[in-house]
Amino acid sequence: MKADIKCVSTGQKIANDIGSVTFKCPQCGDYEIVRSEYARVIAAPYKCPKCSFEGPN
Ligand SMILES: [Zn+2]
C-alpha cells in the first residue's frame with residue numbers, strides 16, 4: 001500500500017505528498033528509495049538500508 005510508504009530521510013508518510021519521489025538505489029538498484037518533497041527541499045541525506053549507499057545523488 002502506498003499509504004505506508006515513508007520517506008527514508010524523514011520517516012514521514014508520503015501518501016499525500018505530491019512532491020515526493022521514488023527511485024531505485026543508484027548503487028544496488030534493488031531498494032526503492034523514497035524521498036518526500038520536504039526532504040528534497042532541505043536536501044536531507046538518505047541511506048540505502050540494503051547496501052548503505054548514501055547520497056542525495
Ligand atoms: Zn542500495
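Is cysteine 48 buried or exposed, and what is its relative accessible area? Cysteine 48 is buried, with a relative accessible area of 1%. Keep in mind that this is a predicted model.

**The zinc site**

Cysteine 48 is one of the residues that hold the metal: the zinc ion is coordinated by the SG atoms of Cys25, Cys28, Cys48 and Cys51, at 2.3 Å. Read along the chain, these donors follow the spacing C-x2-C-x19-C-x2-C. Cysteine 28 sits in the loop between β1 and β2 (32–35), while cysteine 48 sits in the loop between β3 (46–47) and β4 (54–55), so this pair ties together parts that are 20 residues apart in sequence. As for geometry, the angles between the four donor atoms run from 105 to 114°, which makes the arrangement tetrahedral. Unlike buried cysteine 48, cysteine 28 is partly exposed, because its relative accessibility is 30%.

**Around the β1–β2 loop**

Glycine 29 and tyrosine 31 belong to this stretch too: glycine 29 is found in the loop between β1 and β2, and so is tyrosine 31. Glycine 29 counts as partly exposed at 42% relative accessibility, and tyrosine 31 counts as partly exposed at 31%.

Tyrosine 31 has plenty to touch. Leaving out residues up to four places away in sequence, its contacts are Val8, Phe23, Lys24, Cys25, Cys48, Pro49 and Lys50. Among them, Cys25 and Cys48 are also zinc ligands. On the other hand, the C-alpha atoms of tyrosine 31 and isoleucine 42 are 22 Å apart, with their positions eleven residues apart along the chain counted as separation. For glycine 29 and glutamine 12, 17 residues apart along the chain, the C-alpha separation is 23 Å.

**Charged pairs**

How many salt bridges does the structure hold? There are two, and here they are:

| Salt bridge | N to O distance |
|---|---|
| Aspartate 4 – lysine 13 | 4.0 Å |
| Lysine 50 – aspartate 30 | 2.3 Å |

The lysine 50 – aspartate 30 pair has its side chains meeting at 2.3 Å, N to O. This pair links distant parts of the chain, with lysine 50 in the loop between β3 and β4 and aspartate 30 in the loop between β1 and β2, 20 residues apart. Lysine 50 counts as exposed at 53% relative accessibility, and aspartate 30 as partly exposed at 44%. In the other bridge, aspartate 4 is exposed at 53%, whereas lysine 13 is partly exposed at 48%.

**A buried acid without a partner**

Where does aspartate 17 lie? Aspartate 17 is in the segment before β1 (21–24). Aspartate 17 is buried yet has no salt bridge, and the nearest side chain of opposite charge, arginine 40, is 6.8 Å away. A salt bridge needs the side-chain nitrogen within 4 Å of a carboxyl oxygen. There is a polar neighbour, though: the backbone nitrogen of glutamate 37 lies 3.0 Å from a polar atom of the aspartate 17 side chain. Beyond four places in sequence, aspartate 17 contacts Gln12, Ser36, Glu37 and Tyr38.

**Two positive phi angles**

Most residues other than glycine have a negative phi. Alanine 43, which is not a glycine, has a positive phi of about 55°, and its place is in the loop between α1 (37–41) and β3. Serine 52 also has a positive phi, near 70°. Serine 52 lies in the loop between β3 and β4 and is partly exposed, with a relative accessible area of 42%.

Conventions
Residues are numbered from 1 along each chain as its sequence is written. This is a predicted model: local features need pLDDT of at least 70, side-chain atom pairs count only at pLDDT 80 or more; totals for chains, interfaces and linings use all residues. Side-chain values use heavy atoms; hydrogens and water are left out. Helices (H or I, at least four residues) and strands (E, at least two) are DSSP runs, numbered from the N terminus. Buried means under 20% relative accessible area, exposed over 50%, partly exposed in between (1.4 Å probe, protein chains only). Lys and Arg count as positive and Asp and Glu as negative; His and the chain ends are not counted. A polar contact is a pair of N or O atoms within 3.5 Å; within protein, one must be able to donate a hydrogen and the other to accept it, and residues adjacent in sequence count only if both atoms are side-chain atoms. Contact means heavy atoms within 4.5 Å. Donors are N, O and S atoms within 2.8 Å of the metal (3.2 Å for Na, K and Ca); water is not among the atoms, so sites may look incomplete. Four donors count as tetrahedral if all angles lie between 85 and 135 degrees; four count as square planar and six as octahedral if opposite donors are over 155 degrees apart and all others between 65 and 115; anything else is irregular.
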